[in-house]
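Please read this briefing alongside the sequence and the coordinates. It takes up selected strands, one helix and one loop residue in turn.

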Amino acid sequence: MRDCLARMEVAVSAPLTYAARLKEKTGRPVIGILPMHFPAELAHAAGAIPTLIQDDPEPITVGQSSVFNFYCGYNRSLTDQLLRGAFDGLDAILFGDHCVQLLGTADVIRAERPDLPILFNQLCTTLDAGWAARETRGTFSQLWQELEALTGQRITTEAARDSIRIYNHNRAQIRELYALRQAGAIALSARDMQTVVKSSMVMDKSEHIALMDGIFAGLPSGPAQGLPIYLSGHMCHAPKPAILDLIESCGAHVVGDDLFTGWRYIHADMDESADPVEAMTRWYLDKNRRVPCPTRATRGGDWETYLLERIESTRARGLIILMVKFCEPHMYFYPEIKDAFDARGVPHLLIETEHDDMPLEALKTRVETFVEVAGRKAALTTA
Ligand code: SF4
């Protein structure tokens, strides 16, 4: 298992280098995909190498002056990576408009790299509006044509179905890992789980599927020790692994999450039997009913209700919210979550994360206190 995780970690530590090597080997174009709503399946079906663009650990230097300081670290990292030439190996970027800050970043990329094709597609934000299905079908059909024009390869219905099948298989593997961890059957750390999901975002799917098979062959049996807690939030990019380590080193262990680089990314499949555009449309429009996202709107299906249910179903004893600093969509929803958890008496802790170095010692004290309080409360309720 460790060997498989080590190979995943290599890809995760330098995803664009991994993609460049794959491009050299296969001659396939590399398409950078922006989170969180565009299906990489279509780019895969077009014969491209899709890679979900990650935040990178480098300090933000040259990109600092191109976007506002109050943009989230992910946006600032994108511009920094662009200006450092990290995107030079990309043949195109697939952009959505899921938050205002990303729109600004798209403009910077367009201005700095006018030669880099940007497939900018606007997915509707009100997922249960009467016109949403029609609009979404139109967007995915347009994207289909744009990808064909970009790669010079016709995307057949069969190729799209094959890609959906492959992606579904990989998602199902990761969900199985989640189920085993939640059941207490394996002791997989939050860092390892993040490596699994993040590498799935950037690696060749067939290679990742084979590595997952290797992981299943050598899983450490559980149960994990510590207070079960649930992690929520962190849109668009992965929290620093050091934060996950810190949380688990304070006596907690993660039994579930709705992080984008986590459950949110793999939680649902597309219908393999449906017309592919229809399958993608349904997958997209049903998103908020399955795992509410603060960048999309749907009547009902509140995030706080979802989280309270997940706390119960995973038997977590507390909630840790990881919020990307300056992430407006998440900030708008936080008060609702806080009120609902206060009203229900479920312990919760907000941690604001930054791209730049964070004072981990101070954070450790906060997490230790939280784990102690939540642990005492859990002991009282089970006594
Ligand atoms: S983390 Fe939040 S602010 Fe940053 S790009 Fe994503 S949704 Fe926008």
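The notes below begin with conventions and then go through the chosen elements by topic.

This is a predicted model, in which local features need pLDDT of at least 70 and side-chain atom pairs count only at pLDDT 80 or more, while totals for chains, interfaces and linings use all residues. Residues are numbered from 1 along each chain as its sequence is written. Helices (H or I, at least four residues) and strands (E, at least two) are DSSP runs, numbered from the N terminus.

**Strands E1 to E4**

- Strand E1 (residues 30–33) is joined by four bridges to strand E2 (residues 49–52), and the two run parallel; strands count as paired if DSSP finds at least two bridges between them.
- Within the pairing of E1 and E2, Ile33 stands opposite Leu52 of E2.
- E1 is also joined to E3 by three bridges, again in parallel, with Ile93 of E3 as the bridge partner of Gly32 and Ala92 of E3 as that of Ile31.
- Three bridges then join E3 to strand E4 (residues 118–120), which runs parallel to E3, and here Phe95 stands opposite Phe120 of E4.
- E3, helix H5 (residues 100–112) and E4 together make a right-handed β-α-β unit, where right-handed means that, with the strands pointing away from the viewer, the path from the first strand over the helix to the second runs clockwise.

**Burial on both faces of E1 and E3**

- In a regular strand the side chains alternate between the two faces of the sheet.
- Both faces of E1 are covered, since Val30 and Gly32 on one side and Ile31 and Ile33 on the other are all buried; a residue is buried if 20 or more other C-beta atoms lie within 10 Å of its own, exposed if 12 or fewer and partly exposed in between, with C-beta atoms placed from the backbone.
- In E3 (residues 92–95), Ala92 and Leu94 point one way and Ile93 and Phe95 the other way, and all are buried.

**The sheet E6-E5-E7-E8**

- Four strands form an open sheet in the order E6-E5-E7-E8, with parallel pairing.
- Strand E6 (252–257) and strand E8 (348–353) stand at the edges, each with a single partner strand, so one side of each is left without a neighbour in the sheet.
- Neighbouring strands of this sheet are turned by 30° against each other on average, direction ignored.
- E5 and E7 run parallel and are joined by four bridges, with Ser232 standing opposite Ile321 of E7.

**Helix H15**

- Helix H15 (residues 328–344) has 17 residues and reaches 25 Å from its first C-alpha to its last, close to the 24 Å expected at 1.5 Å a residue, the expected span being 1.5 Å times one less than the number of residues.
- A kink of about 35° lies at Tyr334, shortly before the proline Pro335; the bend at a residue is the angle between axes fitted to the seven residues ending there and the seven starting there.
- The buried residues of H15 are His330, Phe333 and Ile337, and what covers them includes strand E5 (227–233), helix H14 (303–314) and strand E7 (319–324).
- Just after H15, Gly345 takes a positive phi of about 70°.

**Arg28**

- Arg28 is found in the loop between helix H2 (15–26) and E1, and it counts as buried because it has 21 C-beta neighbours inside 10 Å.
- Not counting residues up to four places away in sequence, Arg28 touches Lys23, Gly47, Ala48 and Ile49, contact meaning that C-beta atoms, placed from the backbone, lie within 7 Å.

Technical notes
Contact = placed C-beta atoms within 7 Å. Axes fitted to C-alpha atoms, helices over the stretch in contact; angles between N-to-C directions.
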